[in-house]
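Work through the exercises below with the structure open beside you. Try each task before reading its solution.

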Amino acid sequence: MTRPDILVPAPILPSAMEALERAFTVHRLWDNPDPAALARVRGMAASTLAGRVDARLFGRLPALEIVANFGVGYDNIDVAEAAVRGVVVTNTPGVLDEEVADLALGLLLATLRRLPQADAFVRAGRWQQGPFPLSPSLRGRRVGILGLGGIGKAIARRLEGFAVEIAYHGRTRQEGVPYPWFPSAEALADACDVLIAILPGGDATRHVIDARVLRALGPEGVLVNVARGSVVDEAALIAALQDGTILAAGLDVYADEPRVPEALLAMDNVVLLPHLGSASEATRRAMGQLMVDNLAGWFAGRGPLTPVPETRFLLEK
Ligand code: NAP
Ligand code: 8YV
């Protein structure tokens, strides 16, 4: 039996690449495959690192049936265009929830207790001249989770152990959730002094955290963004951090990765990570395996394991 042709638009995890090679004929876009090879491509292994999967790329792949994303967020893929072309899209939900939640809590504590600054203080030999300045605290705070999905709930479970109040906003109030729901990001920010963003990126959530939301968060407020850079108006955030509209921010994601604005790099009241949410060896391996299993399921006729809602209707035909 011939092996299905798969396109990989940009280098991915070696273990995922090896698994693809075992099951499929793999074409690397960076090797400039010829149009005849692209015409045979039936599947794609996409990732946020690979640039946008959009009408232009779909147009080069007339036989494409499925795009399997390496990542739970799929704002890198034009899913509306995929749906129109009858292309199924899958992502990697669930397998990274706990890892990303661990990172979110680490980033929150690092930002509030100024852990990177304290580490730099010790390394610079400054402890011998006197103690590190006292930091803000998590004690007594109310934490708002913007996007109480799989990862948001894993963050909430951890926060319960930290004995803080928890609230959330999503488009819909969820049954059976013990935390109060607020009808907008601004209302949530107004009621909280920590805001953790963990909702999908893309057009629908662009700049949901804007100058008004940051004003509502207030001068003791801390923003943690582990969602996507696009959900925050970065210029408004920089202004809010500079003029004391909010206290501090912990950022894992940015508007134009891997570029980080100079203004943020120069600030002392931010902790900056290079999009590390799921970036442990074990979790990235699990994500790669789920991506490969989605492709394998599709081509074996069993169907993909984790299709995204926008293209699920294609599987019901
Ligand atoms: P999920 O289970 O689908 O949850 C998404 C949550 O966001 C849902 O509760 C949803 O609730 C809410 N939401 C969706 N649209 C919204 C809107 N317009 N306004 C307010 N809330 C909205 O997804 P997940 O697995 O938790 O992942 C969430 C996101 O985290 C991903 O899409 C990705 O962008 C990001 N992420 C980042 C990293 C990292 O490395 N930093 C790693 C993994 C994921 P409603 O439907 O009720 O609105
Ligand atoms: C990855 C992510 O960094 O799953 C997501 O949505 O943002 C992260 O887990 C990314 O997908 C790697 O391409």
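**Exercise 1. Give the strand order of the open sheet with 5 strands, and find its edges.**

Solution. Step one: the order is β2-β1-β3-β4-β5, and the pairing is parallel. Step two: β2 (25-28) and β5 (88-90) are the edge strands, each pairing on one side only. Step three: from one strand to the next, the twist averages 25°.

Some ground rules apply. This is a predicted model, where local features need pLDDT of at least 70 and side-chain atom pairs count only at pLDDT 80 or more, while totals for chains, interfaces and linings use all residues. Residues are numbered from 1 along each chain as its sequence is written, chains are lettered from A and ligands numbered from 1 in the order in which they are written, and side-chain values use heavy atoms, with hydrogens and water left out.

Helices (H or I, at least four residues) and strands (E, at least two) are DSSP runs numbered from the N terminus. Two strands pair if DSSP finds at least two bridges between them.

**Exercise 2. Describe how strand β1 (residues 5-8) and β2 pair.**

Solution. They pair in the parallel sense over 4 bridges. V8 stands opposite R28 in β2. Now add helix α1 (residues 14-23): this helix packs on the sheet and touches β1, β2 and β3 (41-47). Contact means heavy atoms within 4.5 Å. The direction of α1 makes about 130° with that of β2. Such angles run from 0 to 180 degrees between N-to-C directions, with axes fitted to C-alpha atoms, for helices over the stretch in contact.

**Exercise 3. Place helix α12 (residues 281-299).**

Solution. First, α12 lies across β1, β3, β4 (66-70) and β5. Helix α12 runs at about 170° to β4. Next, list its buried residues (under 20% relative accessible area, 1.4 Å probe, protein chains only). Among them are M287, L290 and F299. Their cover includes β1, α1, β3, β4, β5 and α5 (97-112). Finally, G301, just after α12, takes a positive phi of about 85°.

**Exercise 4. Which residues are around ligand 2?**

Solution. Near means a heavy atom within 4 Å. The residues are S47, T48, F70, G71, V72, G73, L96, R228, H275, S278, R284 and M287. Now check distances to an oxygen atom of the ligand. For an N or O atom in the side chain of T48, the distance is 2.8 Å. A polar side-chain atom of R228 lies at 2.7 Å. For R284, the value is 2.9 Å.

Note on methods. Buried means under 20% relative accessible area, exposed over 50%, partly exposed in between (1.4 Å probe, protein chains only). A polar contact is a pair of N or O atoms within 3.5 Å; within protein, one must be able to donate a hydrogen and the other to accept it, and residues adjacent in sequence count only if both atoms are side-chain atoms.
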